[in-house]
Amino acid sequence: MKVAVIGSGITGLSTAHNLAKQGVEVVIFEKKTYLYGASGRNSGGITTMMDRKELIELAKRSIKIYDDIQGEFSFNFLFRKDGYLKVADGFDMGRLEKECRLQRSMGVKVREIDPFEIREIVPGFNPESVDGGFIGEGGVIFPWPVIWGYVEGCRKLGVEIMRNSEVKGFEVENGELKGVKVKDETIKVDFVINASGAWSVLISKLAGVELRNRIIKEEICVIESLKPFIDPYILNISTGVYISQSARGEVVGGVVGREATEPDTSSTLDFLIGYAKGAAEMIPLLKGLSVLRQWAGVYDASPDGLPVVGETELKGFVQANGLGRRGMSLAPAIGEIVAKIVLKGKEYDEFSPSRFQFPERTTEN
Amino acid sequence: MRLTEHPIVKFKRGKEITIYFNGEPVKAYEGETVASALYAAGITTFSRSFRFHRPRGFFCAIGKCSSCMMEVDGIPNIRICKVYVRDGMKIKTQNSFPNADSDFLSILDSIVDRFYPHGSHYRKFNKPKVLRDFVTKQVRRFAGTGNPPKKAFEEKGSFEEIETDIAVVGGGPGGMSAAIYAARTGARVVLMDENPFLGGQLVKQTHRFFGSGKHRAGTRGIRIAEILSNEVGELKNIDVRFETKVFGLYNGVVGAVEKDKKLLKIKAKKIVIATGAYERTLLFENNDLPGVYGAGGVQTLMNVFGIKPGDKGLIVGSGNVGLILTYQLMQAGIDVAAIVEAMPRIGGYFVHAAKVRRLGVPIYTSHTIKRAIGDKKVEGAEIVKLDENWCEVKGSEKRIDCDFICVAIGLSPTHELLYQAGCEMKFVPELGGLVPMRTEYGETTVEGIYVAGDVAGIEEATSAMMEGRIAGLDAAIKLGYGGEEAIRLRDEVVRDLKEFREGPFGERILSGIKKVTFEKEAISVSAPEREEAISEGIE
Ligand SMILES: Cc1cc2nc3c(=O)[nH]c(=O)nc-3n(C[C@H](O)[C@H](O)[C@H](O)COP(=O)(O)OP(=O)(O)OC[C@H]3O[C@@H](n4cnc5c(N)ncnc54)[C@H](O)[C@@H]3O)c2cc1C
Ligand SMILES: Cc1cc2nc3c(=O)[nH]c(=O)nc-3n(C[C@H](O)[C@H](O)[C@H](O)COP(=O)(O)OP(=O)(O)OC[C@H]3O[C@@H](n4cnc5c(N)ncnc54)[C@H](O)[C@@H]3O)c2cc1C
Ligand code: FES
């Protein structure tokens, strides 16, 4: 059996890794290079503090995989589990309380924290800026060594990774996928895994398959390196502003993304202005510091917030996308699921692409 | 260390004030940068390197190398070569214990480096998990350079939105010429420079310029800067913003910070980038030791602030910059031990070389610097002979006594803004490195973004001025200013520039220019299409 994976982001790599472990011949097509997609541009926040049962399970499994796999690869992911802190204003506190109940019921360690206590954990935090928060399991990972590690792991298992190889189309016969078109060549494969993140709708279109994921563009920046003083990953769910501090001491932060019409990774001045205001409101000590660099990334979100994983009406064409802003926390486990779908024909109704064709089955958030 | 007598430059020092360095009072004069004031007071170690805590002094003096970062009035990570002194200012070294001058953590340099080379924090101690978790925590302990501020910055920032016809970034000869010629047609111009004065590199050039008579040859660089900035000052439709650092171009919007406090959002119909160039450095042992400076850094210190870089220098590189710098140093009463040049012959113009020889400075051709000698600062240098294959000749090492080393091996275009804006770039050695593709009027592949001066290719002030005029005029013409007269003038300058480059020294430049000039109608690609082009392998 031969499988083609589209995209060398975390989803594509973890899928390829799991398939190759089972002895499958895998080739990854990447239109640019590693780290070009959201997997090389994200803020590395990892947590099990999710709002859906299915997501919590995936996140738990993924953290376990990260712990195991680092020893297997020769890369330290610099995964620092100093906690994940979600804060909100009064209007949104109800939402946090509700998800916290769900998280607790599934054994996630999480507790409510009042704004003055936050200041004891994060020096300089402005207790006035929020009405409350919850702190729980998670922390920050450095996405680059994660990707480098998976690339190394895949290569060792014989996975071929083709960079600068954009997938331009497919060969289909009688409703069955037969091959992938790359660089004027058609490569015969038995399965194609669409793990192309924000580009997955475009890829689906090429295959004639409907996919209703939205493209989300998110901007982010880092402030020059400081001695570590921010331990947890902080996300304000009301303003969308998030802040954490990398292993190098750089303060990484951004504003949760917004829907875009196309995968566009240009930076804007308005983002910097908005982020600066939001970040300085939350941690006033950041005022007056210099921004070192800014960038933007794109990812895709499914209509109901759960990943889209499973074979489509086009036989052999498998979706593995729609991970939203949680891809780093979910993808290692998604890779295992895709392998089971391809090798064992297993079905996961909750993630199945067909769930959107039956409106009565769409679960509300 | 301050110069009082200089045959050409008169140093008008401001009021004497006191600043505090790690708690100790230091005398300074208004109008000088913190870096120059500290240097004048004999302080040479400005910071410690990020990982191994090696001592670092200033290098570039223009805010580009990051080796002078300190905490200023409680704000960490400030490049003190770009900050002007204020009475009572408190300056502290960072990332060192107890201070940058004697940092205990520098043992990291001698011990850890052997077992823990660069990049290994991803690779080493990865197994078992306990060890990995431990190391991950420890890495963090040593991370970070500045201390987080103790209390929030109190001054209020402000914001200004400006709409203009043409925004010009950089106030050197290129940028000033663009602004002047555009403004003369009636266009509204905003001219920004990160310094508190206009002139760019020219303010350091105390020598008489070479170049053709029509283009101010024989005039000293500092004088050309004066003439141009007076002209800028007279044109009411040029809004000059000093101490204004442009940090980004966002689709016709220029982002800048004025005097560290005000954010500017400038909506410009056309943008001229004239950001000049910065010093290249060279790989040799101890090249980061305080006392190893860029040629421009030394010129700034000496010719702008009137501070002696040291008593005896070694110059690496015999191009015009190295030669001119040598006699500028001698002029200021500073000894030059020698000039080393890796090539078998002198790089710069004969007139300059002859002058240096007359002053008795030895020039070692086919030689390079092997290492800087010294513990906390330069105490000497070892040079070595190179054979025809550029290999070191064993046994030819020679010690040179000096207390500073100037690296004058050339400049690289300050191209970052262009790259960020999505202009198509090309690496062209003849032009000094990565430069943008452009039309004969200086317009890049991103419509409305122009280039002029050293950023378009390392050349000279004369051509920078001509390129500036062309870019300024063309931008104005495209906006409907200036009429026939402007078109005629633009085409005349284009011809002049061609003629100028056809001179004896233009051959190399011309071959470089040929590689990056395109006809607009032929390949007018905008930024997003460019991505496509690359992905399709067309480039
Ligand atoms: C600013 C930002 C912050 C984020 N913060 C977090 C966070 O804190 N925590 C978290 O869990 N998640 C975060 N995310 C989300 C996370 O990064 C993504 O969910 C995840 O990286 C998606 O991975 P992926 O492999 O599915 O897609 P990508 O990493 O985007 O990979 C897709 C790849 O497909 C390639 N491709 C596209 N078209 C083609 C084609 N035609 N042919 C071949 N290859 C193609 C692309 O070049 C790309 O490399 C953030 C995202 C951004 C942008
Ligand atoms: C030692 C030496 C001797 C020389 N002798 C001669 C000579 O004899 N004859 C001759 O013709 N030429 C000579 N030159 C070359 C000449 O000085 C340069 O070619 C010329 O100054 C280039 O002009 P420019 O306008 O392109 O850039 P610059 O003069 O470098 O000016 C660029 C300006 O832009 C500013 N800037 C950069 N980035 C930003 C930003 N992001 N925001 C705001 N401002 C910014 C810089 O601070 C600077 O002020 C000499 C150069 C040197 C170093
Ligand atoms: S940045 Fe200040 S010396 Fe280079």
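This tour moves from the interface of two chains to a helix, a single serine and two cysteines.

The model is predicted, so local features need pLDDT of at least 70 and side-chain atom pairs count only at pLDDT 80 or more, whereas totals for chains, interfaces and linings use all residues. Residues are numbered from 1 along each chain as its sequence is written, chains are lettered from A in the order in which they are written, and side-chain values use heavy atoms, with hydrogens and water left out.

**The interface**

Select chain A and chain B together: the contact (heavy atoms within 4.5 Å) takes 45 residues from chain A and 41 residues from chain B. Between them the chains bury about 3600 Å², 55% of it on carbon and sulfur atoms, where buried area is the accessible area (1.4 Å probe) that two parts lose on being put together, summed over both. Highlight N76(A), K227(A) and L269(A) next, which supply 19% of the area that chain A buries against chain B, more than any other three residues.

Now show the side chains of R79(B) and E224(A), which meet in a salt bridge at 3.1 Å, N to O; the term requires a side-chain nitrogen of Lys or Arg within 4 Å of a carboxyl oxygen of Asp or Glu. Across this interface the rule finds two salt bridges.

**Helix α12 of chain B**

Move to residues 507-516 of chain B, helix α12 (helices are DSSP runs of H or I, at least four residues, and strands runs of E, at least two, numbered from the N terminus), where I509(B), G512(B), I513(B) and V516(B) are buried. Seen down the axis of α12(B), these buried residues fall within an arc of 100°, so they line one face of the helix; the arc is that of the directions from the helix axis to the C-beta atoms. Buried means under 20% relative accessible area, exposed over 50%, and partly exposed in between (1.4 Å probe, protein chains only). On the other side of α12(B), E507(B) and K514(B) are exposed. Among the elements to display as cover for the buried residues are β24 (425-428), β25 (433-436) and α11 (483-501) of chain B.

**S463(B)**

Select S463(B) in helix α10 (residues 461-478) of chain B, a buried residue with a relative accessible area of 1%. Leaving out residues up to four places away in sequence, S463(B) touches L497(B) and F500(B).

**Two cysteines**

Finally, compare C100(A), buried at a relative accessible area of 2%, with C65(B), partly exposed at 31%. A search of the whole structure finds zero disulfides over all chains, a disulfide being a pair of cysteine sulfur atoms within 2.5 Å.
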